[in-house]
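Colleague: I should like to learn how to read a protein model. May we go through one together?

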Amino acid sequence: MARPEAELMRIHDMATLEQVVKGCTACGLRAGCRGVVFGDGNPSARLMLIGEGPGADEDRLGRPFVGRAGQLLDRILAACGFDRQRHVYIANIVKCRPPGNRTPTPEERAACLPNLRAQMWLVQPVIVVLLGSTALQALVDPAARISRARGQWIVRDGVWYMPTYHPAALLRNPALKRECWHDFKKVIDKYRELVDPAHVAPHYPPGAEGPAPAADRRRVPAGEEPWAAGSAAAAGSAGGPVAGAAGAAAEEAAATREPEGGTPPAGSRDRVPPGDSVPSGNGVPPGDGVHQLNLFDQAGGEGGSRR
Ligand code: SF4
C-alpha cells in the first residue's frame, strides 16, 4: 500500500521516509523487482539529480545509478566538481525496476510521484537536474521532449530545473556528450550563483566563458568533454565512482533504433529512454561519436544495466 502524500510529507527525516517507501506496493512494479531503490547522496544537498528508474544493477545493489550509466554520471559529476555523497542527492521517478527495463507507464510514474515529492520536500533542492525525458515529462510537462527542452532553465516555485540527456542516452549516442557538458556548465554556473560562489569545478573555473552558442558547437574537439576517459581533460579528475506532433515523435523514435547487427544482449544493453536521443545529423561531424564511444568503452566496459 502507498501512504497518502500528506502523510509522507509529515515525515521529517530521510531514513524514516526510506523505510516507509521500502514498504510501498502502490503499483505493479514492486512485484517484479528485488526491492525498492530509494535514493543516494546527501539529503542536505542543494543540488538534486532525478532519473527514470532502476536498471538491473541498481535493482541488484539497491542504489540508483550504479551501472554503466551511473559510472558515466559519476565522471560527469567529478568534472563538475560535485561529489555524489557530498554535493548531490540522486533519486528516480520510479523506485522499482520496470520489467525488461521498459519505460515506466504514466500510471506507474503517477503512483510513485508522492514518494519523490516527499524526498524533494526533505532535500529542499534549489537546483534539480532532470536526466532524460521520463523525469522531464513527469515533473514538468508530459508533452515535453528532452531533445528540445534540454539546456534551458525551467523555474518552478523557486526551484531551478535543468533538463538534459540521461547518461544512458550518452552511452547509446556519444555525440550527445558535448551538449550534455554544455548543460552541466550551466548547472555549475547556477550552483555558484545560488549555492557556493567558491565552488571548484576542475574543468570549468569561475569566470570561464559560458556555454557556446549552438553555432559554435562544432568547434568543440571530439573527445574533449572532461569526463571522456582518456581525454587530456580527464587525466586529472575523472576517476569515476569509481573512479506533441506525430512527426516529431516518429523522428525521435527513429533516433533510438538499435543499429543493425549491433544489438547487445537484452540484459547488458543500455537502452535509451524514448525521446532521449536526437536524430543523426545534429551537427556532429562523422566519426566523433565513434571516437568517444571507444574512449568510453575503455573505461566502462560492459555492465548489466542501462541506467
Ligand atoms: S515503483 Fe514506486 S509506487 Fe510502484 S511499488 Fe515501487 S515504490 Fe511503490
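Modeller: The turns below treat the overall make-up, the sheet, the core and the ligand shell of this predicted model.

Colleague: Let us begin with the whole chain. How many helices and strands are there in the chain?

Modeller: The chain has eleven helices and six strands. Of its 307 residues, 48% count as buried.

Colleague: How should I read a sheet, and in what order do the strands stand here?

Modeller: In general, strands of a sheet pair through backbone hydrogen bonds, either parallel or antiparallel. Here, six strands form an open sheet in the order 1-3-2-4-6-5, and the pairing is mixed. Strand 1 (40-41) and strand 5 (154-156) are at the edges; each has a single partner strand, so one side of each lacks a neighbour in the sheet.

Colleague: Which strands pair in the antiparallel sense, and over how many bridges?

Modeller: Strand 5 and strand 6 (residues 159-164) do so, over three bridges. Within this pair, I154 stands opposite Y161 of strand 6.

Colleague: And which strands run parallel to strand 4?

Modeller: Strand 2 (residues 47-51) runs parallel to strand 4 and is joined to it by four bridges. Strand 6 also runs parallel to strand 4, with five bridges between them. As examples, M48 has V128 of strand 4 as its bridge partner, and L130 is matched with P163 in strand 6.

Colleague: Is strand 4 buried or exposed?

Modeller: Strand 4 (residues 127-131) is mostly covered, with five of its five residues buried. Both faces are covered: I127, V129 and L131 lie on one side, V128 and L130 on the other.

Colleague: How do I recognise a core, and which residues have the most contacts inside the largest one here?

Modeller: In soluble globular proteins, nonpolar side chains tend to be buried together. The largest nonpolar core of this model has 67 residues, and those with the most contacts inside it are M48, I50, C80, V88, L130, A135 and V187. Helix 4 (residues 68-79) gives the most to this core, namely seven residues. To take one core residue, I50 has contacts beyond its neighbours within four places in sequence, among them A91, I93, V128, L130 and A135.

Colleague: Finally, which residues come nearest to the ligand?

Modeller: Of the 16 residues around the ligand, C24, C27, R30, C96 and C112 come nearest. By class, this shell has eleven nonpolar, two polar and three charged residues. Helix 5 (residues 106-123) gives the most to the shell, with four residues.

How values were computed. Residues are numbered from 1 along each chain as its sequence is written. This is a predicted model: local features need pLDDT of at least 70, side-chain atom pairs count only at pLDDT 80 or more; totals for chains, interfaces and linings use all residues. Two strands pair if DSSP finds at least two bridges between them. Helices (H or I, at least four residues) and strands (E, at least two) are DSSP runs, numbered from the N terminus. A nonpolar core is a set of buried Ala, Val, Leu, Ile, Met, Phe, Trp, Tyr and Cys residues joined through C-beta atoms within 7 Å. A residue is buried if 20 or more other C-beta atoms lie within 10 Å of its own, exposed if 12 or fewer, and partly exposed in between; C-beta atoms are placed from the backbone. Two residues are in contact if their C-beta atoms, placed from the backbone, lie within 7 Å. A residue is near a molecule or strand if its C-beta atom, placed from the backbone, lies within 6 Å of it. Ala, Val, Leu, Ile, Met, Phe, Trp, Tyr, Cys and Pro count as nonpolar, Asp, Glu, Lys and Arg as charged, and the others, Gly among them, as polar.
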